[in-house]
Amino acid sequence: MTTTISKSLAAASPATLAVIRGIDDAQLQAPTPCTEYTVRDLLNHMFLVVVNFQALAARQPADFSSTPDRVTDGWRDRFAQETARLIDAWSDPAALEGTSPVMGMPQPVVGGMVLLDLTVHGWDLARATGQEFTPDPAVVSELLALGEQLAPQARQMKVFGEPVAVPSDAGEFDRLLGLTGRDPGWSPSSASA
């Protein structure tokens with residue numbers, strides 16, 4: 001079976017997985033657009049999200065209280081396996097029913113949150129490691145609408161940064177990045193400036 005969320009996750013994941021496979025271990029301490037995270041920190045955060053949102057799909061408890069270091073031998077393959085499990089978890093139509101007992105939000109919104117993380121953090125890692133990142137256009141349109149819905153609460157919770165102004169003719173993905181508090185022109189050299 002599939003759902004709208006699992007289809008979107010399946011469409012979004014190849015771009016992010018390609019970036020993750022392209023990260024050299026020598027880049028793990030590099031800065032990212034998420035100022036509190038190095039590449040390694042962000043990868044561990046993404047592992048935490050991908051694993052916990054599998055549980056959230058099944059309305060099971062999730063533990064975000066600590067972030068274990070999963071960037072050890074075979075981490076690229078393990079991340080791909082966990083992402084496949086994530087897609088599978090959200091492919092059950094029951095995953096989209098009702099409200100999340102953990103997050104207190106409608107289950108489709110919770111599914112959209114992990115889609116947002118996978119996509120935007122894919123860009124973060126690409127920028128930090130000098131790789132290209134081209135998100136799925138249909139996913140970006142979906143995420144822009146979700147991001148606008150979540151932005152006020154996400155800023156209060158410090159999940160989004162303050163919005164970054166982008167040109168009025170900016171594309172949807174640059175608008176999404178700005179909405180989440182990212183400068184679409186960010187580069188590692190701008191982080192050290």
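Which residues lie nearest the centre of the largest pocket? In this predicted model, the positions nearest the pocket centre are occupied by His45, Asp117, Lys158, Val159 and Phe160, which belong to a lining of 28 residues. The volume of this pocket is about 840 Å³. Helices H2, H4 and H5, the last spanning residues 137-156, each contribute at least two residues to the pocket lining. Helix H4 provides the largest share, amounting to 5 residues. In terms of residue class, the lining of the largest pocket comprises 17 nonpolar, 7 polar and 4 charged residues.

Enclosed space was also examined. The structure contains 1 cavity of 30 Å³ or more, and the space within the largest cavity comes to about 40 Å³. The wall of the largest cavity is formed by Met46, Val49, Val50, Phe79, Val114, Asp117, Leu118 and His121. Two helices, H2 (39-57) and H4 (107-129), each supply at least two of these lining residues. The greatest contribution is again that of H4, with 4 residues in the cavity lining. By class, the residues around the largest cavity are 6 nonpolar, 1 polar and 1 charged. Asp117 appears in the lining of the largest cavity and is also among the residues nearest the centre of the largest pocket.

Helix H4 additionally packs against another helix. Two packed helices are described by the angle between their axes and the distance between the axes. For H4 and helix H6 (residues 172-179), the axes come within 11 Å and cross at roughly 95 degrees. This crossing angle falls in the range of 65 to 115 degrees, and the two helices are therefore roughly perpendicular to each other. On the H4 side, the contact is made by Leu116, Thr119, Val120 and Trp123, while H6 contributes Phe173, Leu176 and Leu177. The residues of this contact between H4 and H6 are 6 nonpolar and 1 polar, with no charged residue taking part.

Aromatic pairing was considered last. The model contains 3 aromatic pairs. One of them joins Phe53 and Phe64, whose ring centres are 6.0 Å apart and whose planes stand at 70 degrees, so the arrangement is edge-to-face. Phe53 is located in helix H2, whereas Phe64 lies in the loop between H2 and helix H3 (75-89); the pair therefore ties together parts that are 11 residues apart in sequence. Helix H2, which carries Phe53, is also one of the helices that supply at least two residues to the lining of the largest cavity and to that of the largest pocket.

Methods: Residues are numbered from 1 along each chain as its sequence is written. This is a predicted model: local features need pLDDT of at least 70, side-chain atom pairs count only at pLDDT 80 or more; totals for chains, interfaces and linings use all residues. Side-chain values use heavy atoms; hydrogens and water are left out. On a 1 Å grid over the protein atoms alone, a cavity is a set of points where a 1.4 Å probe fits but cannot get out, and a pocket is an open set with protein on both sides within 12 Å along at least five of seven lines; lining residues have an atom within 4 Å of a point. Grid points are joined across faces, edges and corners, and a volume is the space filled by probe spheres set on the points. Ala, Val, Leu, Ile, Met, Phe, Trp, Tyr, Cys and Pro count as nonpolar, Asp, Glu, Lys and Arg as charged, and the others, Gly among them, as polar. Axes are lines fitted to C-alpha atoms, for helices over the stretch in contact, and angles run from 0 to 180 degrees between N-to-C directions. Angles under 35 degrees count as roughly parallel, over 145 as roughly antiparallel, 65 to 115 as roughly perpendicular and the rest as oblique. Contact means heavy atoms within 4.5 Å. Rings of Phe, Tyr and Trp (its six-membered ring) pair if their centres lie within 6.5 Å; planes under 30 degrees apart count as stacked, over 60 as edge-to-face and the rest as tilted.
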